[in-house]
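Colleague: Got a minute to go through this model with me? I'd like to jump around a bit.
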Amino acid sequence: MSFWLVLTVNSITFGGLLFLLSAGFSLIFGLMRIPNLTHGSLFMLGAYVGATFAAGLAGMQMNFWLAAVVATLTVAFAGALAERLLLRRLPGDQLAQVLVTLGLSFMAADFCLLIWGGDPLSVATPDGLQGFARFGTVVFPLYRLAIIVIAVVVAIALWLMLERTRLGAMIRAGVDDPDMARVVGIRVSQLFTIVFALGAGLAGFAGIIGGPILSVYPGLDQDMLPLALVVVILGGTGSLLGSFVGSIIVGFIYNFGQALLPELAYFVLFMPMLLVLLLRPQGLFGRHVP
Amino acid sequence: MNGTMNRDMAGRIFAIVVAFGALLTLPYWMHGIYYVNVASQILFYAVFALGLNVLVGYGGLVSLGHAGLFGVSAYATGYMLQLGYGHSLAIVVAIAMGLASMAIYAVLSLRSTGIGFIMITLALGEILWGLAYRWISLTGGDNGINVPTRPSPFGYSMTNATVFYYVTLTVFAIAIALCWIFVRSPFGAALRGTRDQPRRMNALGYHVWAIRFWACLFSGLLTAVSAILFVYYTQFISPQTLALTSSAEVLLMVISGGPGTLLGPIFGAGLVVVVKNVVSAFIERWNFLLGAIFVAIVILMPEGLVPGSVRLWRLAMRQRRKRAAP
């Protein structure tokens, strides 16, 4: 009984982490119509930068949360830079943009290997969340529960931003019909930069938040990118609700698959994505076919 | 005009003869087994890139899952040999398995084009990678499968690097001849038609889906053949071969050289293999360089290095002629 309960909580935790990672991926995909293949690298970069600041850099040690903020801003800046300097040069050429993000992901992986080396970095669990919560006979690490709370808070904030603010309305307009949005005077290309920075920042944030449970190692980008891809294809591009539901589904499939069918874990993970692509190409909550 | 055409043709034939002559005599002027081995690698990766180019260059269908197909054939070879079957049966089974997987790929992914096609092939590639990585009882997981022996066609053992090189060169020559015939055939023209104007091709009575399907199978055949050469070359196969990075690498070969040309993918294969093998001996960060080349080519020379250089060369020649004329 407790085995199943622990597995369930772990699945939701992982789902929350995936939501942080894939919400930005989904928005970028919805608005710019490209799968951003650097997204895993941005996650890893955020984890490395955050871990470095949290462990202390040049005698200056930062609080975990402050380090998370610094990592988020750094990665958001890197994303904005990549969009401004590279993707901007290929307007409308989605294929070339995908290839540029692929090339950038190679470069980012090697860059991280150069700076941080091949050994995995562990990230200390922040103060006050190192304990356990006890529910009857079952014990949960507090930090895992905290991740769920963080994911829910971010989800609500993003939802309010998209539904209640002027910027959110412009992004929604851009996702639904970029040409028409341009006609009514929305500067869609400026939105691209904003959304790219936002998505990159979220990915970096997810990276450092996931640090204490996943640790940081070379190849983390390759592990996370396919998961984000599965989430967004399941949920549908450009839909916040889609990436939320998709994340939870993938969190469950991933954890239960690893525990019950270890040999076929990846097969079980990618099968639903394939089925959705074939039967409902726009995803469960998506508005248009990629 | 006619004169320049003939001169162009003559120049091209001369270049091809020289290139093949150089390749045929390579082990005699290229000293060191290491360099002969690098040349073999370039040749079988060129076959792989030619196979992907059929889809990317002529069909307009960008696949990010070809490493998965490559892996199926490589694993099939290794697994058959592990079970104790002979080389010829292993090769036949590997090609059959490669073609069957390609057929499944095609049926699933040809439902869409563009980004959709990329995503489905990527998903399929990741599934195959996941199986290779995790289905340990079949694939050995991260330990991979060892292939202890190489075949000996006509009594020449391929354990010898030079023999291996000549076998690879033969396969390469057949592959490039097949591609040359394919490009000039009505089928090749029809495939290019489905790339540029699928709806018009449909209206003209062509079965667009079937044309793309057969193109996929042709691509799968070349992929399977190159995978068999690869597995005999490294004598080892592990999940890393099926990873997204490998799919990206072969795509880089096609894109960097020039998609939709015969020479481009071969040149691209040479570039990537040389950067990987030779340059990485001097520079530690070859992956960074690979990514940088990728980005630079997509942004600065999107048609690829071979057509791009030809364009620049022609431009320079025309300007020189213009300057000489008045």
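Colleague: Does Ser215(A) count as buried, exposed or partly exposed, and why?
Modeller: Bear in mind that this is a predicted model. Ser215(A) counts as partly exposed because it has 14 C-beta neighbours inside 10 Å, and a residue needs 20 or more to be buried, 12 or fewer to be exposed.
Colleague: Where is Ser215(A) found?
Modeller: In the loop between α8 (188-214) and α9 of chain A. Its phi is near 60°, a positive value in a residue other than glycine.
Colleague: OK, and over in chain B, what is phi for Gln235(B)?
Modeller: Near 55°, so a positive value in a non-glycine residue there. Gln235(B) sits in the loop between α11 (208-234) and β2 (236-237) of chain B. With 14 C-beta neighbours inside 10 Å, Gln235(B) counts as partly exposed.Colleague: Back to chain A. How do α9(A) and α11(A) pack?
Modeller: Helix α9 (residues 220-235) and helix α11 (residues 265-279) of chain A meet at an angle of about 35°, and their axes are 9 Å apart. The crossing is left-handed.
Colleague: Which residues meet there?
Modeller: From α9(A), Val230(A), Ile233(A) and Leu234(A). Their counterparts in α11(A) are Leu269(A), Phe270(A), Pro272(A), Met273(A), Val276(A) and Leu277(A). By class that contact has nine nonpolar residues, no polar and no charged.
Colleague: How many residues does the largest nonpolar core have?
Modeller: It has 188 residues. Val230(A) is among those with the most contacts inside it, along with Leu20(A), Leu21(A), Ala46(B), Val47(B) and Ala49(B).
Colleague: What is Ala49(B) in contact with, leaving aside its neighbours within four places in sequence?
Modeller: Val250(B), Met253(B), Val254(B), Pro265(B), Gly268(B) and Ala269(B).
Colleague: New topic, the interface. How many residues of chain B are in contact with chain A?
Modeller: There are 34 from chain B, in contact with 39 residues of chain A. On the chain B side, the elements giving two or more residues are α6 (114-134), α7 (136-139), α12 (244-257) and α14 (286-300). The largest share, twelve residues, comes from α6(B).
Colleague: And what classes of residue are on that side of chain B?
Modeller: The side of chain B that touches chain A has 24 nonpolar, six polar and four charged residues.
Colleague: Last one, the hairpin in chain A. How many bridges join β1(A) to β2(A)?
Modeller: Four, with strand β1 (residues 132-135) and strand β2 (residues 138-141) running antiparallel. One of the partners is easy to look up: Arg134(A) has Val139(A) as its bridge partner in β2(A). The hairpin has two residues between the strands, and Gly136(A) takes a positive phi near 60°.

Notes: Residues are numbered from 1 along each chain as its sequence is written. Chains are lettered from A and ligands numbered from 1 in the order in which they are written. This is a predicted model: local features need pLDDT of at least 70, side-chain atom pairs count only at pLDDT 80 or more; totals for chains, interfaces and linings use all residues. Two residues are in contact if their C-beta atoms, placed from the backbone, lie within 7 Å. Ala, Val, Leu, Ile, Met, Phe, Trp, Tyr, Cys and Pro count as nonpolar, Asp, Glu, Lys and Arg as charged, and the others, Gly among them, as polar. Two strands pair if DSSP finds at least two bridges between them. A nonpolar core is a set of buried Ala, Val, Leu, Ile, Met, Phe, Trp, Tyr and Cys residues joined through C-beta atoms within 7 Å. Axes are lines fitted to C-alpha atoms, for helices over the stretch in contact, and angles run from 0 to 180 degrees between N-to-C directions. A crossing is left-handed if the near helix is turned anticlockwise from the far one by less than a right angle, and right-handed if clockwise.
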